Amino acid sequence: MKSPLRGADLLARSLAAAGARHLFALSGNHVMPLFDAALDAKLSIVHVRHEAAAVHMADAWGRLSGEPGIALVTGGPGHANAVGALYTALASESPLVLISGHAPLAELGKGAFQEMDQAALAAPLTKASWVARSADTLADDIVRAWRQAKSGTPGPVHLSVPNDVLDATTDARVPDIAQFLVEKERAQNRFAFGEARQPLIIAGPAAMREKGSGELEEATGIPVIGLESPRGVNDPSLGRLAKVLAQADLVLLLGKRADFTLKFGKAFAPGCRVVDLHTVQGISFQDRTWLEEVKSALRFRPAEWNFLESNPAGPVHPVELCREVRKLIDAPDAVLVSDGGEFGQWAQACLGAPRRIINGPAGAIGSALPFAAAAKLACPGAPVVAMLGDGTFGFHMAEIDTAVRHALNYVAVIGNDATWNAEYQIQLRAYGEARARGCELLPTRYGAVASALGAHGEDVSTPAGLQSALRRAAAAGKPACVNVMIERLSAPRYD
């Protein structure tokens with residue numbers, strides 16, 4: 001007869017049975033039994049420097065692998081630190097499970113150490129949120145969390161586990177892999193094209209990750225537009241999107257709401273028919289002329305960008321910076337991470353890669369370095385480049401230490417305009433230059449900061465130094481950060 005397991009062992013082995021390989025974690029009193037149990041369960045621990053970074057890494061893992069990423073944090077303030085990052089994952093429809101330590105069940109209501117209503121705190125930002133009640137049902141909790149994170153529209157799920165549940169023994173068995181499997185929902189479409197001649201499919205983040213616009217367009221003959229930017233119709237990676245939306249006479253929403261990114265439906269022409277779509281199965285549109293027109297409009301970029309050059313004395317124009325970065329991601333398996341305000345938009349306008357992770361509809365910034373680290377873990381043989389602004393870099397710069405410790409050798413490129421530029425541009429438009437105050441930052445040498453943390457660092461202030469700095473970063477054999485002083489410009493728009 002097998003010896004009873006601790007709740008911590010049952011939980012860790014259940015995660016391993018589901019297919020989890022890594023715990024993106026930050027240690028704390030409540031979860032140390034799980035750090036111990038992870039050893040026997042053969043789960044690697046990626047130990048981060050802030051709880052939100054653990055969630056961001058789990059988020060990126062979920063988007064790239066399609067399987068839930070697992071974030072592990074301690075209870076109380078550790079849980080509270082993690083919760084804010086759930087919003088980015090929720091808006092991006094990313095499957096992950098946040099497991100938080102928790103005050104002991106036996107001490108609740110008595111002023112326990114770091115006692116908090118954690119499930120209620122996480123509930124608005126998750127598909128489901130609850131507290132484990134017994135070691136005997138802990139495996140069932142993990143099965144439920146895993147399945148809910150993946151089923152329907154994917155998203156984050158939270159489970160708090162009191163440490164007396166982790167320490168308790170149980171005869172419960174580790175679940176079989178079959179218990180974690182999720183069947184895809186089957187649905188049928190009930191609509192007719194009618195007189196429509198210019199239909200569009202607008203897909204949400206999860207729908208785009210599952211198929212991709214190319215595969216969907218090949219299957220249906222209809223232009224497919226994935227909307228995952230908080231800039232909505234002004235997403236600079238989608239060219240003349242606003243014009244395309246205004247020309248459509250039928251819009252099929254695939255896993256996407258007519259929310260703020262579509263101006264709550266006002267981005268469409270009056271009389272345009274809007275239909276919620278559950279699957280593209282059985283849809284076929286024969287006129288490919290409209291498809292090519294839309295593709296051409298979305299590809300549009302100003303012709304002058306091809307010849308644009310920065311002032312030799314600096315700073316560097318974002319277009320010229322991106323032109324050089326493009327050489328680093330010219331690979332069939334490359335991963336591009338883009339995060340930040342105005343510079344993040346320039347990066348998305350100028351760069352593409354087979355796999356892309358951005359901060360998503362949530363519009364929150366700061367996730368780039370954790371995203372890049374998880375991307376390198378998920379795609380170890382692929383080039384991973386993160387494009388981020390200087391404001392974004394400040395959120396999780398200590399995660400460079402995490403990347404160094406775990407040999408996650410991405411290249412981070414900082415567009416440094418020494419400003420919270422997105423907000424500065426709002427000030428200029430709304431209040432004028434004389435009142436544009438309070439968004440200044442210092443022109444900090446973030447390359448030197450990265451070097452101090454053990455990474456390869458470069459600081460570039462003129463165009464002449466850019467190409468060689470990027471080349472050295474890519475060949476460094478360790479995480480690298482190239483900090484480039486750029487012009488302070490608003491994001492591109494194609495009016």
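**Figure 1. Helices H1 and H2 meet at an oblique angle.** In this predicted model, H1 and H2 are oblique to each other, because their axes cross at roughly 50°, and oblique is the name for angles that are neither under 35 degrees, nor over 145, nor in the 65 to 115 range. The axes of H1 (residues 7–18) and H2 come within 8 Å, and the crossing is right-handed. On the H1 side, the contact is made by Ala 8, Asp 9, Leu 11, Ala 12, Arg 13 and Ala 16. H2 answers with Pro 33, Leu 34, Ala 37, Ala 38, Asp 40 and Ala 41. Within H2 (residues 32–41), Pro 33, Leu 34, Phe 35, Ala 37, Ala 38 and Ala 41 are buried.

**Figure 2. Lys 42 sits just after H2 with a positive phi.** Follow H2 off its end and you land on Lys 42, whose phi is about 60°. Lys 42 is not a glycine, yet its phi is positive. The residue belongs to the loop between H2 and E3. With 70% relative accessibility, Lys 42 counts as exposed.

**Figure 3. An open sheet runs E3-E2-E4-E5-E7-E6.** Six strands line up in that order, and the pairing is parallel. Strand E3 (44–47) and strand E6 (128–131) are at the edges with a single partner strand each, so each has one side without a neighbour in the sheet. From one strand to the next, the twist averages 20°. Zoom in on strand E2 (residues 22–25) and E3 and you find four bridges, in the parallel sense. Here Ala 25 stands opposite His 47 in E3. Helix H6 (residues 138–150) lies across strand E4 (69–73), strand E5 (96–102), E6 and strand E7 (156–162). H6 runs at about 165° to E7.

**Figure 4. H3 crosses H14.** The axes of helix H3 (residues 51–65) and helix H14 (residues 368–378) come within 8 Å and cross at roughly 45°. That angle makes H3 oblique to H14. H3 passes H14 in a right-handed crossing. From H3, the residues that meet H14 are Ala 53, His 56, Met 57, Asp 59, Ala 60, Trp 61, Arg 63 and Leu 64. Waiting for them in H14 are Pro 370, Phe 371, Ala 373, Ala 374, Ala 375, Leu 377 and Ala 378.

**Figure 5. Strand E13 is buried on both faces.** Five of the five residues of E13 (residues 335–339) are buried, so the strand is largely enclosed by the rest of the structure. In a regular strand the side chains alternate between the two faces of the sheet. For E13, that puts Val 335, Val 337 and Asp 339 on one side and Leu 336 and Ser 338 on the other. E13 also has company on either hand: four bridges join E13 to strand E14 (residues 355–358), and five join E13 to strand E15 (residues 384–389). Both pairings are parallel. Leu 336 stands opposite Arg 356 in E14, while Val 335 stands opposite Val 384 in E15. Add helix H13 (residues 342–350) between E13 and E14, and the three make a right-handed β-α-β unit.

**Figure 6. E13 belongs to an open sheet with helices packed on it.** The order is E14-E13-E15-E16-E18-E17, six strands with parallel pairing. E14 and strand E17 (456–460) take the edges, each with a single partner strand, so one side of each has no neighbour in the sheet. Neighbouring strands are turned by 15° against each other on average, direction ignored. E15 and strand E16 (residues 411–416) pair over five bridges in the parallel sense, and Gly 389 has Gly 415 of E16 as its bridge partner. Helix H12 (residues 318–325) packs on the sheet and touches E15, E16 and strand E18 (480–485). The direction of H12 makes about 170° with that of E15. Helix H19 (residues 466–474) packs on the sheet too, touching E16, E17 and E18. The direction of H19 makes about 170° with that of E17.

**Figure 7. Two loops have backbone quirks.** The peptide bond from Gly 314 to Pro 315 is cis, with omega near -5°. Pro 315 lies in the loop between helix H11 (288–299) and H12. In the loop between helix H16 (399–405) and E16 you'll find Ala 407. Ala 407 has a positive phi of about 55° although it is not a glycine. At 52% relative accessibility, Ala 407 counts as exposed, because the cut-off for exposed is over 50%.

How values were computed:
Residues numbered from 1 in each chain as written. Predicted model: local features only at pLDDT ≥ 70, side-chain atom pairs only at ≥ 80, totals over all residues. Heavy atoms only, no water. Buried < 20%, exposed > 50% of the residue type's maximum accessible area, 1.4 Å probe, protein only. Pairing = 2+ DSSP bridges. Right-handed = clockwise from strand over helix to strand, strands pointing away. Axes fitted to C-alpha atoms, helices over the stretch in contact; angles between N-to-C directions. Left-handed = near helix turned anticlockwise from the far one by under 90°. Contact = heavy atoms within 4.5 Å.
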